[in-house]
Amino acid sequence: MATTSVPGSARWPTTSWRRDRVVHRLSRTEARRMAVQAQLLAVPCPASALDVVRHLGFLQVDLTTVVAPHADLVLWSRMGAAYEEGGVDALIGDGAVLEHQSMLRPAEDIALLQADMDAWPGVPPLRQWQVEIAEWVAANDGCRQEILATLRAEAPLPARALPDTCEVPWRSSGWTHHKSVMKLLECMEARGEVAVAGRKGKERTWDLSSRIHPGDAAVAGPEAHRTMAERRLRALGIARPRALENWHEPYDVRDVGEEAVVEGVRGRWRVDPTLLERDFDGRTTLLSPLDRLVFDRKRMQELFEFDYQLEMYKPAAKRRWGYWAMPILSGDRLVGKVDATAVRESGVLLVDAVHEDGEWSTETREEVAVAISRLGGWLGLEVVS
């Protein structure tokens, strides 16, 4: 990955004390640098894919392959050529990483999630959707028992190979309408009965969780949630206390870390204090549109002042940057987007456009060109503009 030397901040965060608590005062530059370092996107590059997954906590499963699968792009953005495309599959095959609720997680973290599985659909008082989904699963308990028996005898199996004897079909207004077995399996996964054994192409295969999960003793709910909150802040560097990245996870950073305010941004933040006095050496790389540095769009706008949306669901005529435009990170700034497509049958990485935000220097253009070239080299494709 192209690198750019970014010196340490001219002034380190000042600190004040209010009501016996520390409040760090950060500039936007300092806040951005904390976020970039926490996401392992500064120099030096990490060397181990498993260490990256453990530090980040999870990788979202998204099988869009316009350039490469999201998990592979996340690891390449951090490791560069040291990461081999598809390397995450080897971690899954070794059992070091497991897929749980559409997230790739270190296998040892299942012990932190077990309390939530045991408490499914949640700790009272329940929300209405939790009550309704629990009632739906209960109404289809016969099908659930048949799925468990079939998996016990024949697993791993895809959802289409399992019996659909649901008495109450799953109904939704979206793409899951009448996909009863798939939704039942996902509920059974959330309650810890079944687990994803692997994938054949894009299709999940399923087995009993007792054969997939490590079997470590469950960590009690309050302790597990505290640990997950600490890990979330470690991976984000700076976050709003109650901001959630996924609707089904109760792992906001709450009161872990230390309090901070960011110049020009309203409200309070929590920060990882180990990042407060760390020198910063940035680099230039391309990010997946689902990368955690940009996934929380509100945080992205507040700290990076970056105008960006994932436009794959927009009609082509309404797209500003492209179907799978990749944000460009340069040092501690998000400076533009690269609209590219991997045309593997032709052996090329087709770059349709490079969108520059603001005025780029010659050095920035050269560094972005190098980053694109290295992406093509990693994919084994010739870059064609």
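**Note on two sheets, two helix pairs and some backbone details**

1. The bridge partner of Val348 is Glu382, a residue of strand 16. The two strands concerned, strand 15 and strand 16 (residues 382-384), pair in the parallel sense over 3 bridges. Between them the chain passes through helix 13 (residues 362-379), and this β-α-β crossover from strand 15 to strand 16 is right-handed. A crossover is called right-handed if, with the strands pointing away from the viewer, the path from the first strand over the helix to the second runs clockwise. Two strands count as paired if DSSP finds at least two bridges between them, while the helices (H or I, at least four residues) and strands (E, at least two) are DSSP runs numbered from the N terminus.

2. Before reading on, please keep in mind that this is a predicted model, in which local features need pLDDT of at least 70 and side-chain atom pairs count only at pLDDT 80 or more, whereas totals for chains, interfaces and linings use all residues. Residues are numbered from 1 along each chain as its sequence is written, and side-chain values use heavy atoms, with hydrogens and water left out.

3. Which strands make up the sheet that contains strand 15, and in what order? It is an open sheet of 5 strands in the order 12-13-14-15-16, with mixed pairing. Strand 12 (284-286) and strand 16 are its edge strands, since each of them pairs on one side only. Averaged over the sheet and with direction ignored, neighbouring strands are turned by 30 degrees against each other.

4. Inside this sheet, strand 13 (residues 326-330) and strand 14 run antiparallel and are joined by 5 bridges, with Met326 standing opposite Val338 of strand 14. Helix 13, which was met above as the crossover helix, packs on the sheet and touches strand 12, strand 13, strand 14, strand 15 and strand 16, while its direction makes about 155 degrees with that of strand 15. Contact here means heavy atoms within 4.5 Å; axes are lines fitted to C-alpha atoms, for helices over the stretch in contact, and angles run from 0 to 180 degrees between N-to-C directions.

5. Strand 14 (residues 333-343) also runs antiparallel to strand 15 (residues 348-356), and 8 bridges join the two. Val338, already named as the residue opposite Met326, stands opposite Val354 on the strand 15 side. The hairpin formed by strand 14 and strand 15 has 4 residues between the strands, and Gly347 in this hairpin takes a positive phi near 70 degrees.

6. The other sheet described here is open and antiparallel, with 3 strands in the order 3-5-4. Strand 3 (59-60) and strand 4 (97-100) stand at its edges with a single partner strand each, so one side of each has no neighbour in the sheet. Strand 3 pairs with strand 5 (residues 103-106) in the antiparallel sense over 2 bridges, and Gln60 has Met103 of strand 5 as its bridge partner. Helix 5 (residues 110-118) packs on this sheet, where it touches strand 4 and strand 5, and its direction makes about 20 degrees with that of strand 4. Ser102, in the loop between strand 4 and strand 5, has a phi near 65 degrees, which is a positive value in a residue other than glycine.

7. How do helix 1 (residues 28-38) and helix 12 (residues 297-304) pack? They do so at an angle of about 135 degrees, with their axes 9 Å apart, and helix 1 is therefore oblique to helix 12. The contact involves Arg28, Ala31, Arg32, Ala35 and Val36 from helix 1, together with Arg299, Glu302, Leu303 and Phe304 from helix 12. Sorted by class, this contact has 5 nonpolar, no polar and 4 charged residues. For the angle words, under 35 degrees counts as roughly parallel, over 145 as roughly antiparallel, 65 to 115 as roughly perpendicular and the rest as oblique; for the classes, Ala, Val, Leu, Ile, Met, Phe, Trp, Tyr, Cys and Pro count as nonpolar, Asp, Glu, Lys and Arg as charged, and the others, Gly among them, as polar.

8. Finally, two peptide bonds deserve a look. The bond joining Val43 and Pro44 is cis, with omega about 5 degrees, and Pro44 is found in the loop between helix 1 and helix 2 (49-56). The bond from Ala155 to Pro156 is cis as well, with omega near 5 degrees, and Pro156 lies in the loop between helix 7 (141-154) and strand 6 (157-158).
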